[in-house]
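Colleague: Please take a close look at the aromatic rings for me. Then place them among their surroundings.

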Amino acid sequence: MTDSLVIIPSYNELENIEAIIDAVFNLPKEFHVLVVDDNSPDGTAEVVRSLQKKYSERLFLEVRMEKAGLGTAYIHGFKWALQREYLYIFEMDADFSHRPSDLPRLYRACLNGADVSVGSRYKKGVNVVNWPLYRVLLSYGASFYVKIITGMRVHDPTAGFVCYKRHVLETLDLDAVKFIGYAFQIEMKYRAHLKKFKIEEVSIIFTDREKGKSKMSSSIIWEAIFGVISMRIRSLFRINGF
């Protein structure tokens with residue numbers, strides 16, 4: 001039994017899922033992997049099931065009925081992890097935008113005192129590869145905007161490459177988390193910030209996916225823009241578990 005679980009949400013990640021799982025299991029440190037698949041029509045879950053024969057007792061799969069959003073996939077994974085004995089629970093994308101080789105660095109940050117460690121694109125400048133300029137400006141501008149509204153001193157609050165210590169997820173009210181898109185990442189960090197947990201950023205290089213399609217949409221962007229203000233207001237009035 002390892003102390004660490006990597007949660008990978010998936011929807012139509014047939015081109016990436018086997019390679020990302022192999023890469024995690026080839027690391028010197030042992031991690032378990034939980035794939036939370038939203039009933040991908042391309043057969044992603046079938047690939048994971050076939051890999052479970054190779055990675056018995058290390059690879060787990062939860063298949064939901066339909067595509068229900070990134071945030072709810074992670075909440076599903078968090079609750080699954082808390083029913084077991086994992087001490088460090090990770091979020092990671094399936095498309096290699098997050099390098100599996102950086103997992104041990106996030107792990108060490110938590111071992112050394114952080115409650116939440118964040119794989120940060122913006123801790124040391126802008127470390128993004130293969131994004132068009134408008135995506136960089138949108139993401140970097142969103143990060144600045146979030147810092148102004150929330151008061152968090154996190155350079156990359158929208159980052160989705162994160163390690164949570166178990167006691168953080170046990171303390172936060174996961175059922176009160178409102179957002180389901182990329183704003184989910186902001187809300188989780190903000191809730192941890194309000195609980196005075198130590199959030200530490202670990203500089204990484206983020207590389208845009210080479211295979212498969214991005215799940216970014218205009219509705220996700222608007223959720224992040226307007227959601228941050230509503231989240232701040234809800235926190236001031238102690239609404240939704242803040």
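Modeller: One aromatic cluster joins Tyr74, Phe78, Tyr164 and Phe184. The model is predicted, so local features need pLDDT of at least 70 and side-chain atom pairs count only at pLDDT 80 or more, while totals for chains, interfaces and linings use all residues. Side-chain values use heavy atoms, without hydrogens and water, and residues are numbered from 1 along each chain as its sequence is written.

In total, there are twelve aromatic pairs in the structure. One of them is Trp80 with Tyr86, a stacked pair with 6.3 Å from centre to centre and 20 degrees between the planes. For the cut-offs, rings of Phe, Tyr and Trp (its six-membered ring) pair if their centres lie within 6.5 Å; planes under 30 degrees apart count as stacked, over 60 as edge-to-face, and the rest as tilted. Both Trp80 and Tyr86 are buried. Here buried means under 20% relative accessible area, exposed means over 50%, and partly exposed lies in between (1.4 Å probe, protein chains only).

Two rings carry a charge over the face. Arg191 lies over Phe242, 3.9 Å from the ring centre. Lys29 places its charged end over the ring of Phe31, at 5.2 Å from the centre. The criterion is NZ of Lys or CZ of Arg within 6 Å of the ring centre and within 35 degrees of the ring normal.

Phe179 is another aromatic residue to look at. Its place is the loop between α6 (166-171) and α7 (183-194). Helices (H or I, at least four residues) and strands (E, at least two) are DSSP runs, numbered from the N terminus. Is Phe179 buried or exposed? Phe179 counts as buried because its relative accessible area is 6%. Its C-alpha lies 8.9 Å from that of Gly69, although the two are 110 residues apart in sequence.

Helix α6 also holds Val168. Val168 has a relative accessible area of 0%, so it is buried. Beyond residues up to four places away in sequence, Val168 touches Asp115, Val116, Ala192 and Phe197. Contact means heavy atoms within 4.5 Å. Val168 and Leu34 are 134 residues apart along the chain, with 19 Å between their C-alpha atoms.

Next, a helix pair. Helix α1 (residues 17-25) packs with helix α2 (residues 44-54) at about 35 degrees, and their axes are 10 Å apart. Axes are lines fitted to C-alpha atoms, for helices over the stretch in contact; angles run from 0 to 180 degrees between N-to-C directions. The α1 side of the contact is Ile17, Glu18, Ile21 and Asp22, and α2 brings Thr44, Val47, Val48, Leu51 and Lys54. By class, this contact of α1 with α2 has five nonpolar, three charged and one polar residues. Nonpolar covers Ala, Val, Leu, Ile, Met, Phe, Trp, Tyr, Cys and Pro; Asp, Glu, Lys and Arg are charged; the others, Gly among them, are polar. The crossing of α1 and α2 is right-handed. A crossing is right-handed if the near helix is turned clockwise from the far one by less than a right angle, and left-handed if anticlockwise.

Now for the loops and the later helix. Lys211 is in the loop between β9 (206-207) and α8. At 44% relative accessible area, Lys211 is partly exposed. Lys211 touches Glu15 and Asn16, leaving aside residues up to four places away in sequence. Twelve residues along the chain separate Lys211 from Ile199, and their C-alpha atoms are 31 Å apart. Ile225 is in helix α8, and is partly exposed at 30%. From Ile225 to Pro28 the C-alpha distance is 40 Å, over 197 residues along the chain.

Finally, two backbone angles. Asn130 has phi near 75 degrees, a positive value in a residue other than glycine. Asn130 belongs to the loop between β6 (128-129) and α5 (133-150). Its relative accessibility is 53%, so Asn130 counts as exposed. Arg238 also has a positive phi, near 55 degrees, and is not glycine either. Arg238 is in the segment after α8 (218-236). Arg238 is exposed, at 62% relative accessible area.
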